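Subject: Handing over a structure, with notes

Dear colleague,

I am passing on the structure below, together with some notes that may help you find your way around it. Please have the model open while you read.

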Amino acid sequence: MKVTPSLLVAAAASLVVAGLVTAVPTPASAASLTEVTGFGANPGGMRMHVYVPDVRPANPAIVVAMHGCGGSGPGFYSGSEFASLADRHGFVVIYPSAQQEAGFGKCFDTWSDAAKRRGGGSDPVSLVSMVTYVQQRYGGDPNRVFATGSSSGGMMTNQMLALYPDVFKAGAAFMGVPFNCFANAADFPPGSSRCTGGGGANRTPQEWGDAVRQAYPGYTGARPRVQLWHGTNDTLVPYALLQESIEQWTNVFGLSQTPSSTDTPQTNWNRHRYNNSAGATLVEAYSVQGAGHTLPSGGMAAQAIAFFGLDRAVDPTSTTTSTTTTTTSTTTMTTTTTVQPPGTCRVTSTVNAWNTGLTESITITNTGATAVNGWSLTFTLPAGQTITSGWSATYSPSSGHVTARNVAYNASIPPNASIGIGFQATHNGNTAKPASFTLNGMACATA
């Protein structure tokens, strides 16, 4: 579908509020959005705002949340759900503001040659500087850095995953395009874009995958997992680009183009998962039926945070408190930080299998000195296993990388105490147990 300038102008308002369609209450916290200057190399001339929740672990995860064209970091903070989720789960959110004019507002640079090369300059280098700043000032965990964004921000999410796979561990792109879809500045909307107009976006999976591999030549490390979202009625960034993005990232991972599983986790959300041979979901794609250029809407940010593995509660009753003073060239701020001490845990599991079914009983033991109040246990089901029912916990998703969450009656695990949970599953001959378990983000001993 060709996107005309008149359509782009008509949809400019949608871009301004892309991802801002859900009213979100102000977080119940003393924390507030703060602008930071002097955060490091900034060839994109970008502005940086940061949201640091009052309750967070000593080494919080970092989420870079990026607005759509015509928007801003503060606008995305006010109108999306990431700040309230940060309060709940204890991660820091960076809200960048793009400064590149693109004909109908400021957009993130995903078109220039500099922005397509690792360390080449422009917005990507500025974004990495922001991440480094948060790591240095707030003890941000370098092993838990994530990117997400809407429209132009979704495009930049794919950009950062391609350019800096050693920095970002996963990303969630809403209404984006594949990396290197735009040929140059003239190809970026408004105008006659071959990318969003369709003519330049119909490439083979190999061609798309090669574009990512060429962004960081010689890189052989782990690639970040990818979550993709698109509305079926999106005419500004055509829905067909979702398939092109799927082809790009599945090729990068060497996965089949055929989904490993398909389900509907919520009404009108059709999800396809692409798993590796161990059953881990590396690419996840959502087609949102009937949605236009209006994502993320209610609940989608939470789904992205769950995909990142950040959906655990922060327990203020088992934290210590410290105070950090941060000074920049224009801003001085004092932040009271509640630091959750490291805990320990042990998990034992027993499998009872038959024909094409099995049950698995799991015992979680708190071997730490403080109570665990609210828990999430994550593990990867062996390939071919699918959970059909469970007890003493809620389980989501039913295959691949699974999170079991407490129910009301077993939310607390006192020191040296244990609880039992379990599930029933189907299998295709592989009746093995999960190789490892993580409780509230911390690896457990297994037996």
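A good place to begin is with the aromatic residues, where ring pairs link Phe174, Trp229, Trp269 and Tyr286 into a cluster. Please keep in mind throughout that this is a predicted model.

The structure holds 15 aromatic pairs. One of the pairs joins phenylalanine 146 and phenylalanine 308, whose ring centres are 4.7 Å apart and whose planes meet at 15°, so the pair is stacked. Because phenylalanine 146 belongs to strand β7 and phenylalanine 308 to helix α10, this pair ties together parts that are 162 residues apart in sequence. Both partners are buried: phenylalanine 146 has a relative accessibility of 3%, and phenylalanine 308 has one of 5%.

Another stacked pair is formed by tyrosine 216 and tyrosine 219, with ring centres 4.9 Å apart and planes at 20°. Tyrosine 219 is buried, its relative accessible area being 18%, while the face of tyrosine 216 has arginine 118 lying over it, at 4.0 Å from the ring centre. A similar arrangement involves arginine 225, whose charged end sits over the ring of phenylalanine 307, 4.2 Å from its centre.

Strand β7, which carries phenylalanine 146, deserves a closer look. The strand covers residues 145-150, and six of its six residues are buried, so β7 is largely enclosed by the rest of the structure. Val145, Ala147 and Gly149 point one way from the strand, whereas Phe146, Thr148 and Ser150 point the other way, and all of them are buried.

Which strands pair with β7? One is strand β3 (residues 62-66), which pairs with β7 in the parallel sense over five bridges, and within this pairing valine 63 has phenylalanine 146 as its bridge partner. The other is strand β8 (residues 170-174), also paired with β7 in the parallel sense over five bridges, and here threonine 148 has alanine 172 as its bridge partner. If you follow the chain from β7 through helix α6 (residues 152-163) to β8, you will trace a right-handed β-α-β unit.

Turning to the nonpolar interior, the largest nonpolar core has 48 residues, of which Met48, Val134, Phe168, Leu228 and Trp249 touch the most other members. Helix α5 (residues 122-138) contributes the largest share of this core, namely eight residues. Apart from this core lies another one, of 32 residues, which includes Ala31, Val63, Tyr77 and Trp229. As general background, nonpolar side chains in soluble globular proteins tend to be buried together.

Within the largest core, tryptophan 249 is among the residues that touch the most other members. Leaving aside neighbours within four places in sequence, tryptophan 249 is in contact with Asn158, Leu161, Ala162, Val212, Val226, Leu228 and Val283.

One last residue may be worth finding in the model, and that is aspartate 311, which is placed in the loop between α10 (300-308) and β13 (320-327). Is aspartate 311 buried or exposed? With a relative accessible area of 13%, which is under the 20% cut-off, aspartate 311 counts as buried. Not counting residues up to four places away in sequence, aspartate 311 touches His89, Ile305, Ala306, Ser376, Thr403 and Arg405.

With best wishes

Notes: Residues numbered from 1 in each chain as written. Predicted model: local features only at pLDDT ≥ 70, side-chain atom pairs only at ≥ 80, totals over all residues. Heavy atoms only, no water. Helix = DSSP H or I, 4+ residues; strand = E, 2+ residues; numbered from the N terminus. Buried < 20%, exposed > 50% of the residue type's maximum accessible area, 1.4 Å probe, protein only. Contact = heavy atoms within 4.5 Å. Core = buried A, V, L, I, M, F, W, Y, C linked by side-chain atoms within 4.5 Å. Pairing = 2+ DSSP bridges. Right-handed = clockwise from strand over helix to strand, strands pointing away. Phe/Tyr/Trp six-rings, centres within 6.5 Å; stacked < 30°, edge-to-face > 60°. Lys NZ or Arg CZ within 6 Å of the ring centre and 35° of its normal.
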